[in-house]
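Got the model open in your viewer? Switch to cartoon view and keep the selection box handy, and we'll walk through it stop by stop.

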Amino acid sequence: MNKDKILNNINALSQNTMFNSSLTSKELFHSNFWAWIIRKYPNIFACAFDFQYDKGNRFEICREKHHFDLCIETEDTLIIIENKLKSFPNKNQLEEYGKYNIDLQKKLFLISYFKPLFKIDDGAWECLTYKELCNRIKNCFISAKDSAFQDDDRTIIKNYIEFLELLVKLQDNIEITKGDKICNIWNIVKDSDIQEKLNKINLTKTFERIVSAKLTELVLDKFAFSDYIDEIRIDCGRDLKIFSDILFYFPGAWDNDENKRQDLCYLGISLWENYYRYYA
């Protein structure tokens with residue numbers, strides 16, 4: 001990881017208008033913004049969310065309906081969008097949402113800042129990372145004529161795209177390779193300049209989760225039984241003494257009948273300052 005790249009990225013975020021507007025509630029901000037651009041410019045941005053807009057047909061955009069982050073309801077289809085920015089996707093939660101019974105045809109979208117580290121068995125959910133969504137929205141925006149936007153909306157949406165690009169760049173700038181040592185990674189995480197700037201913009205936990213997710217991907221690359229993992233959960237510590245716990249759960253760990261749950265249901269890895277430990 002390059003400290004200067006990360007600091008420049010954090011500085012750019014701290015100066016971004018959209019980022020500062022989102023600080024009080026990051027996920028709600030994005031869900032609200034998506035609802036706004038689809039509602040106001042469905043002919044431009046519907047395709048970014050795989051929504052086929054037909055001017056002659058009714059559609060409704062709802063926030064927090066049926067406890068879902070965002071719903072797009074048409075004559076015959078309900079598109080359910082679950083937004084994950086601050087936390088990692090939860091497989092159990094997604095599977096419960098997938099069981100929701102409605103009379104309409106149902107489409108399920110997970111839009112997550114962190115790429116899911118597990119597979120959803122029935123394949124009901126289409127998963128988009130923030131990077132993929134950013135590219136979709138940007139392509140829709142570039143394809144639209146300037147005259148399609150009212151008042152200052154074009155500038156607002158352009159600023160939002162720049163905000164998404166900065167969030168994506170933060171992940172790209174946290175580079176971890178197989179040859180890196182835990183102590184060197186840890187030195188970047190604990191760096192006083194980085195920590196000071198992250199604290200000012202309330203982005204410390206996001207930074208830690210990015211590092212944990214990338215370390216987990218490296219572990220999975222060498223783990224012979226990665227295809228058998230049912231779910232992965234990453235919990236970042238409250239301070240920088242215990243950095244994170246990465247838990248790998250296997251099928252049966254979440255059985256509703258406690259008597260059927262496996263006795264040994266996970267592997268674990270903990271990062272402690274310059275050291276790590278693993279257990280089963």
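This tour of a predicted model goes from the sheet to a helix and then to some cysteines.

**Stop 1: the sheet.** Colour the strands first. You're looking at an open sheet of five strands, running in the order β1-β2-β3-β4-β5 with mixed pairing. Now select 59-63 and 125-129: these are β1 and β5, the edge strands. Each has a single partner strand, so one side of each is left without a neighbour in the sheet. Tilt the view and check the twist: on average, neighbouring strands here are turned by 20 degrees against each other, ignoring direction.

**Stop 2: β4 and β5.** Select residues 105-112 to pick up β4, which pairs with β5 in the parallel sense over five bridges. To see one of the bridge pairings, show S112 and its partner T129 in β5.

**Stop 3: the helix on the sheet.** Next, select residues 130-143, helix α6. This helix packs on the sheet and touches β3 (77-84), β4 and β5. Compare directions while you're there: α6 makes about 80 degrees with β5.

**Stop 4: the cysteines.** Show C140 and C47 as sticks. Why is there no bond between them? The closest cysteine sulfur to that of C140 is the one in C47, but at 3.1 Å it is too far for a bond, since a disulfide needs the sulfur atoms within 2.5 Å. The count for the model is zero disulfides.

Switch on the surface for the last look. C140 is buried, with a relative accessible area of 10%, whereas C127 is partly exposed at 34%.

Terms used:
Residues numbered from 1 in each chain as written. Predicted model: local features only at pLDDT ≥ 70, side-chain atom pairs only at ≥ 80, totals over all residues. Heavy atoms only, no water. Buried < 20%, exposed > 50% of the residue type's maximum accessible area, 1.4 Å probe, protein only. Pairing = 2+ DSSP bridges. Helix = DSSP H or I, 4+ residues; strand = E, 2+ residues; numbered from the N terminus. Axes fitted to C-alpha atoms, helices over the stretch in contact; angles between N-to-C directions. Contact = heavy atoms within 4.5 Å.
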